[in-house]
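Grab a pencil and work through these exercises on the model shown below. Each task comes with a worked solution, so try it yourself before reading on.

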Amino acid sequence: MQSESHVLWWNAFKQGDWDAFTALYGEFYELLNNYGRKFTQDADLIQDVVHDLFVRLWTTRTRLGNPASVKNYLYKALRSTLFRKIQSLSKFVELDNASGQGGFAVNFIPDASFRQEEQELRNQVIALVNTLPARQQEIIFLRFYEGMSYEEIAVIMDINMSSTYKLLYKALDNLQKVSDKRFLTFLTILFFLSRNFSKKIMIPEG
Amino acid sequence: MNNEKYVTYRLEDFLDDDAFIKWVSGKEQDAFAAKFWSEFPSQYPSAAANFDFAVSVIRTYRSQEVWENKDNKAHVLERITATIEANNNRRPALMRRMSTWVRAAAIVLIIAAGGYLVYNKLGKPSQEIIATGYGEKRTITLPDHSVVTLNASSTITFNEKWDTTSAREVWVDGEAFFDVKHLNRDTTNIRPGQRFLVHSNGLTIEVLGTSFNVRSRHGKTKVGLVTGKIQVGFGNKNDHEAMVMLPGDYIEYADNHVLLTKKIDKPETIKRWTQVPLTFTDATLNEIIETLQDNYGYTVKVGEQSIKKLKIEGDINVANVEELLTVITTTLNVKIQQPSEKELVITSGK
């Protein structure tokens, strides 16, 4: 999946090639903004994070390695830069599980061009996804939107891919078998419960 | 790739399958793998229902807001540059410009018009003319061992023998992807035989890198650079000066005028046609129709002109026209009829 030009740009950039650096910026700016947007609606914050990320890339370029995927490397860097920033800006330190902080949400496009039967499925999928806790939603995003393997997702999110996603598959599987509304309600409850596992504990700073 | 395990594939198995996920999210670059998945329902009918469901769940999920923040792209880069300059006493990179690594690879898209340039060359004895038919692609090795991939319904013309005293020259009508060999990395000291020139519809593209794409259709020339460096000359009929293009730069040219200059968002997609049979990114129905006509020789009629503006968000990577038509009818509110083999009628509504 690693693109030929990404490798060329990366190697040239590490040797101090400014054009290659701006080419990387040109290539990944939109993707990084789109990923960052899922964690926060604050456009200025996302821009600050992209700024910090690229400044740090340039200043540390001689020490950088050769990532298996430049894109995944940047996603991981964006994520950790963003979390650090959110943490330092926040009055409170959010203690979630070790995987990270911040919410995660996608905005679905209301789309009339879908066929009638698809519209029904669509409503169900959206309802289901929206009930998932942030980190599970992030896994879904990286998996189904970015098309990444579990291994890639585990590296970016710095987690051990456990049975988290299995829960969703089970739910989708049931969605396929049962169009019964009551069953869907049951699923909603199930995911509502699962959300409580990542209960947030707020403690004052200092 | 005929594997027993697929016969009993459940929804869960599809969602667990990295190769399937890669394909359905439009990230599959390998044509063979893309073909496998697009033919899956007919190859494994027993798992077709689960396959279809998995595809529609994921396509449904993918119809989500994309936030690219393009308006601030230039501004954020300015801020990054300013911060770096403030941090550094010297600016080594800005002085050094293009390194040899980047110069070593250039990818360019050129879409130009008219075949008259090519036909002017016909009849000269030492010239090689290679043309592809509808739906056909060919890989050609040039006299200097540079490799060209020629897309459907395209023509390339060049001298049979190239010597080291004159520039290497190629004429293109249609679309071609070049991988050019043996360029001098020192651009200030290039001998004639080291120059590589591509002519298309009044434009001359001088290649300062090694790989690029050329396309020539509908009276318009489009040049887009992915990596490396090229110089575009506009002939002597007009007063445009030669233009050096850097990665991401894109121009459109017709009737001796530059119509448009801009930056391409994802320049990488320009050469994707060499790997995937049919590939589009955020394409309008109009763009898809043009490809069906140009590359596959279809005659396409639309019920209402307005439906040409309908857009399919995201990437489409499909193996054949049939699969492409399925994607169109499942994602857009249109109906496609096929009165004969090479005729399509697209109307709105189901």
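## Exercise 1: one face of a helix

The buried residues of helix 7 of chain A pack against helix 4 (70-89) and helix 6 (134-145) of chain A. A quick word on conventions: residues are numbered from 1 along each chain as its sequence is written, and chains are lettered from A and ligands from 1 in the order in which they are written. This is a predicted model, where local features need pLDDT of at least 70, side-chain atom pairs count only at pLDDT 80 or more, and totals for chains, interfaces and linings use all residues.

**Task.** Work out which residues of helix 7 of chain A are buried, and where they lie around the axis.

**Solution.**
- Step 1: get the terms straight. Helices (H or I, at least four residues) and strands (E, at least two) are DSSP runs, numbered from the N terminus. Buried means 20 or more other C-beta atoms within 10 Å of a residue's own, exposed means 12 or fewer, and partly exposed is in between, with C-beta atoms placed from the backbone.
- Step 2: list the residues. Helix 7 spans residues 150-157 of chain A, and its buried residues are A:E152, A:I153 and A:I156.
- Step 3: look down the axis. These residues cover an arc of only 100° (taken from the directions from the helix axis to the C-beta atoms), so they sit on the same side of helix 7 of chain A.
- Step 4: recall the helix geometry. An α-helix has 3.6 residues a turn, so residues three or four places apart point the same way.
- Step 5: check what comes next. A:D158 follows helix 7 of chain A and has a positive phi, near 55°.

## Exercise 2: two crossings

**Task.** Describe how helix 4 of chain A meets helix 7 of chain A, then do likewise for helix 2 and helix 3 of chain A.

**Solution.**
- Step 1: fit the axes. They are lines fitted to C-alpha atoms, for helices over the stretch in contact, with angles running from 0 to 180 degrees between N-to-C directions. For helix 4 and helix 7 of chain A, the axes come within 8 Å and cross at roughly 35°.
- Step 2: find the contact (C-beta atoms, placed from the backbone, within 7 Å). Helix 4 of chain A brings A:N72, A:Y75, A:K76 and A:R79, while helix 7 of chain A brings A:E152, A:V155 and A:I156.
- Step 3: turn to the other pair. The axes of helix 2 and helix 3 (residues 43-59) of chain A come within 10 Å and cross at roughly 145°. Among the residues in contact are A:F21 and A:Y25 of helix 2 and A:I46 and A:V49 of helix 3 of chain A.

## Exercise 3: positive phi in chain B

**Task.** Place B:N69 and B:S153, and decide for each whether the residue is buried or partly exposed.

**Solution.**
- Step 1: B:N69 has phi near 55°, positive though the residue is not glycine. B:N69 lies in the loop between helix 5 and helix 6 (73-87) of chain B.
- Step 2: B:N69 has 19 other C-beta atoms within 10 Å, so B:N69 is partly exposed.
- Step 3: B:S153, also not glycine, has a positive phi near 50°. B:S153 sits in the loop between strand 4 (147-150) and strand 5 (155-159) of chain B.
- Step 4: B:S153 has 20 C-beta neighbours inside 10 Å, so B:S153 counts as buried.

Technical notes: Contact = placed C-beta atoms within 7 Å.
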